[in-house]
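The following exercises concern helix packing and residue environment, each with a worked solution. Please examine the model shown here before reading on.

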Amino acid sequence: MDVTTPHPSPAARLLRLVAAVACLPYLSLKIAWIAGSTVGIPAGSELLEQRGTMAAVNSLTVLMDAAVIVLAFALTRPWGRRIPAWLVALPLWVATGLLAPIVVGFPLQTVVSLFGGGSAAAGGDEPFLHEWVFTVVYVGFGVQALALGGLFALYVRDRWGHLLRGGIGDLPPSPTAPAQRVLAVLAAVVALAVAGVHLSWALGSTAGLSGHLVGQRSANLRVNEAIQVVFALTAAAGVVLLAHRPRPRTRLATTVALGWTGGAALAAWSGWMLLASLVTENPVRGDRQPTQAMNLAYAGGMITGLLVLAVGATLLAERAAAVSAGGLRPAGRAVSAGGPGPRPPAVPASPTGPAGSARGPVPAGSPPRGRG
């Protein structure tokens with residue numbers, strides 16, 4: 001997929017088609033629900049209690065998932081190379097964070113269910129959605145992630161590959177290095193605190209959980225909490241490596257991928273959880289609302305992700321400016337303008353919601369099951 005070629009490669013065209021087709025299950029269900037259908041929603045589900053809110057938020061998520069198709073074309077058409085970097089990178093960063101917990105969590109939850117684990121719904125709770133909905137939608141999410149991840153990797157290689165060459169020790173001195181180091185330490189400290197909270201919940205502690213979640217301790221909930229611990233540690237490792245460079249031989253592409261994925265997952269997941277708690281507030285079921293401890297954990301995740309983003313964006317912007325001003329290229333084979341470089345790890349992306357403790361927030365307007 002060369003930048004001088006007016007048409008994408010066959011592989012890129014195939015990935016674009018796969019990404020678009022993978023959106024259909026989610027979009028079809030959402031549009032049906034907006035139109036008033038109850039397909040996939042059992043009688044008595046809490047989703048039927050807030051029709052107006054559900055329709056409004058479902059409309060938003062239809063636009064978000066439709067954006068996958070727009071992104072797929074932006075990553076494969078010549079006009080996509082002319083879009084400002086931030087306008088491409090920011091939506092994909094958010095999308096990475098929203099889908100990463102699903103890509104990791106859904107297969108693990110499936111394995112857990114095969115061995116008799118899964119949800120442990122409190123007695124008397126009404127069903128949320130039919131199980132087939134989770135399976136159909138999350139399989140679609142996974143396919144979207146793989147297709148968009150492949151397209152994004154090709155796009156990064158072609159447009160920014162030369163900026164990601166070499167090790168972190170090859171990075172030139174930065175005028176903002178002191179500020180980056182301070183932000184990195186702050187991000188790491190907050191990330192470790194967030195990891196500690198999620199680890200306690202993953203190990204079975206109920207301290208700080210809502211009454212509803214205390215009654216729904218399940219293997220799926222513990223899987224999701226453990227995943228958040230991994231993302232928090234990944235974000236901390238990535239930002240410390242970038243700003244402090246304790247291991248100079250570590251590949252820059254690998255370090256950026258760590259910070260990108262971990263920071264995005266923390267920020268987007270936590271932001272989604274906070275939003276979901278606001279749009280589904282139900283005074284009659286107060287035990288379902290996040291506690292102060294849960295909100296603090298979500299806020300910590302958002303702070304960590306934004307700090308990692310600030311450090312990474314500053315560093316890469318400075319590197320791009322230095323390369324552009326001095327005509328410099330990191331060691332490696334010659335490349336054309338914006339030319340191809342080593343391909344960083346594919347980062348799955350999809351503008352949807354993160355997995356909940358049972359299977360995730362498929363229906364917009366309701367927080368992920370098992371998360372409050």
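**Exercise 1.** Determine how α1 and α3 are oriented to each other.

*Solution.* The two helices are roughly antiparallel to each other, a label given to angles over 145 degrees. The model is predicted, with pLDDT of at least 70 needed for local features and 80 or more for side-chain atom pairs, whereas totals for chains, interfaces and linings use all residues. Residues are numbered from 1 along each chain as its sequence is written, and side-chain values use heavy atoms, without hydrogens and water.

Step 1. The axes of α1 (residues 10–22) and α3 (residues 51–74) cross at roughly 175° and come within 9 Å. Axes are lines fitted to C-alpha atoms over the stretch in contact, with angles from 0 to 180 degrees between N-to-C directions. Helices are DSSP runs of H or I with at least four residues, numbered from the N terminus.

Step 2. From α1, R16, A19 and A20 meet V68, I69, A72 and F73 of α3; contact means heavy atoms within 4.5 Å.

**Exercise 2.** Describe the environment of L108 in helix α4.

*Solution.* Step 1. L108 lies in α4, which covers residues 85–114.

Step 2. The relative accessible area of L108 is 41%, so L108 is partly exposed (between buried, under 20%, and exposed, over 50%, with a 1.4 Å probe and protein chains only).

Step 3. Apart from neighbours within four places in sequence, L108 is in contact with V223 and I227. The C-alpha atoms of L108 and V223 are 7.4 Å apart, although 115 residues separate them in sequence.

Conventions
Parallel < 35°, antiparallel > 145°, perpendicular 65-115°, else oblique.
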